[in-house]
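Dear colleague,

I am handing over the structure below, and would ask you to look at it before reading my notes.

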Amino acid sequence: MRPVIPTLSLVAVSAVFFWFVAAIISNMLVTSIPTGSGLRESLQLIFPYHLQGILGLISLAGCTVFLATTRTQNPAWSLGVPLGIVLAVAAVLSILSKLIVDPGYLIGSVAFVAISLLPLCSALFFLSRKKAGDRVNTLFAVTLVIGVLSLLLIVAMFFQASYAPGEIRNGHSVYEGWSMLYLVLGMPVVGIVHLMHAGRFWRASRNNACGTGSCPEG
């Protein structure tokens, strides 16, 4: 199997995990453009508001291609399907929430749950790769820990939702702080883990091919 397409697919999977950091950077770049030229207004229609959906679709495409190209070599490939499902939900609902004038609480909540489940689904994805023979024990452990911690965000979200509108209780700032920490640090760490897996997959595929005397050129 030539490693180029599946490796690039793994790189694409990591895209959505950097959306928040990318949104901050893109917003800084867009706001630095002088107003009145039309360019700033045009870019603001896309960045940063649709960035999560765009990167989510890229990650979904990467996950789909990778599973499709490697499932014959991995009997446990179905463990990677939950990651694809969550990526689809996060991407589609993110785009809908920006297109609908009043998206309501449900769309935003389900999208947030999907974003919070990404690390845990990534752990399942790495578990499938572990069963395929990849050396991903550390990658699996890191994503599993972040995935378990991110579940606390889902619990906290529903706990916060029980408050009356505008009501402030003790711990609200802790919830917001943890959410920000997850978006700024937790998700990028999982994204880096996916990139590390892409690098390992590339090297392992090339070594296997070279060992059979058919070392790929690309």
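What follows is a summary of the nonpolar core and the aromatic contacts.

This is a predicted model, in which local features need pLDDT of at least 70 and side-chain atom pairs count only at pLDDT 80 or more, while totals for chains, interfaces and linings use all residues. Residues are numbered from 1 along each chain as its sequence is written, and side-chain values use heavy atoms, with hydrogens and water left out.

The largest nonpolar core (buried Ala, Val, Leu, Ile, Met, Phe, Trp, Tyr and Cys residues joined through side-chain atoms within 4.5 Å) has 36 residues, and Trp19, Leu83, Ile115, Leu118 and Met187 are those with the most contacts inside it. Leaving aside neighbours within four places in sequence, Leu118 is in contact (heavy atoms within 4.5 Å) with Val16, Phe17, Leu83, Val86, Leu87 and Met187.

A search of the whole structure finds four aromatic pairs, where rings of Phe, Tyr and Trp (its six-membered ring) pair if their centres lie within 6.5 Å, and planes under 30 degrees apart count as stacked, over 60 as edge-to-face and the rest as tilted. One of these is the edge-to-face pair of Trp19 and Phe20, at 5.4 Å centre to centre with 85° between the planes. Trp19 has a relative accessible area of 13% and is buried (under 20% relative accessible area, with exposed over 50% and partly exposed in between, for a 1.4 Å probe and protein chains only).

Phe66, Phe125, Phe126 and Phe201 form one aromatic cluster.

Best regards
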